[in-house]
Amino acid sequence: EEQKRIIDAPPNDRLLVDAGPGTGKTATACARIASLIAFARIEPTEIWLVSFTRTAVHELRKRIVTYLGNPGVVAGLKIATIDT
């Protein structure tokens with residue numbers, strides 16, 4: 001229920017998700033981004049997702065492609081580590 005509320009929140013809402021390991025933060029973030037692109041018609045180039053490691057960045061891209069089904073769309077996303 002809580003994750004669905006985050007995924008479906010209005011596009012202009014600023015959201016902070018604070019949860020422990022294994023609670024679905026990554027899945028929720030990926031579903032939120034896919035929803036913004038697919039339903040709110042936000043351009044991928046206008047989305048910036050920041051993570052801690054390059055491994056996480058790769059995983060985020062892979063999961064978002066899974067949700068959207070189009071690797072070309074994900075290419076426009078800005079997904080970076082904190083230190084880039």
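Buried means under 20% relative accessible area, exposed means over 50%, and partly exposed is in between, with a 1.4 Å probe and protein chains only. I wrote that down before anything else.

**Entry 1: ground rules.** I am reading a predicted model, where local features need pLDDT of at least 70, side-chain atom pairs count only at pLDDT 80 or more, and totals for chains, interfaces and linings use all residues. Residues are numbered from 1 along each chain as its sequence is written, and side-chain values use heavy atoms, with hydrogens and water left out.

**Entry 2: salt bridges.** I looked for a side-chain nitrogen of Lys or Arg within 4 Å of a carboxyl oxygen of Asp or Glu, which is how a salt bridge is defined. I found three salt bridges by this rule. Glu59 pairs with Lys62, their closest N and O atoms being 3.5 Å apart, and Glu59 also meets Arg63 at 2.8 Å, N to O. Glu59, Lys62 and Arg63 are thus noted as a linked network of salt bridges.

How far apart in helix H3 are Glu59 and Lys62? They are three residues apart, so about one helical turn separates them. Arg63 and Glu59 are four residues apart in H3, again about one helical turn. (Helices are DSSP runs of H or I with at least four residues, strands are runs of E with at least two, and both are numbered from the N terminus.)

I checked exposure too: Glu59 is partly exposed at 26%, Lys62 is partly exposed at 45%, and Arg63 is partly exposed at 30%.

Away from that network, Lys4 and Asp8 meet in a salt bridge at 2.8 Å, N to O. Asp8 is partly exposed, with a relative accessible area of 44%.

**Entry 3: Arg32.** I went to helix H2 (residues 25-38), where Arg32 sits. Arg32 is buried but has no salt bridge, and the nearest side chain of opposite charge, Asp13, is 6.0 Å away. For charge, Lys and Arg count as positive, Asp and Glu as negative, and His and the chain ends are not counted.

Leaving aside neighbours within four places in sequence, Arg32 is in contact with residues including Ile6, Asp8, Pro10 and Asp13. Contact here means heavy atoms within 4.5 Å.

**Entry 4: Ile6.** I followed that contact back to Ile6, in helix H1 (residues 2-7). Ile6 counts as buried, at 16% relative accessibility. Beyond its neighbours within four places, Ile6 is in contact with Leu15, Val17, Thr28 and Arg32. Val17 is eleven residues from Ile6 along the chain, and their C-alpha atoms are separated by 8.4 Å.

**Entry 5: the core.** I asked which residues make up the largest nonpolar core. Its twelve residues are Cys30, Ile33, Leu36, Ile37, Ile47, Leu49, Val57, Leu60, Ile64, Val74, Leu77 and Ile79. H2 and helix H3 (54-68) are the elements that give two or more residues to this core, and H2 has the largest share, with four. (A nonpolar core is a set of buried Ala, Val, Leu, Ile, Met, Phe, Trp, Tyr and Cys residues joined through side-chain atoms within 4.5 Å.)

**Entry 6: Arg41.** I paused in the loop between H2 and E1, where Arg41 is found. Phi of Arg41 is near 60 degrees, a positive value in a residue other than glycine. Most residues other than glycine have a negative phi. Arg41 counts as exposed, at 64% relative accessibility.
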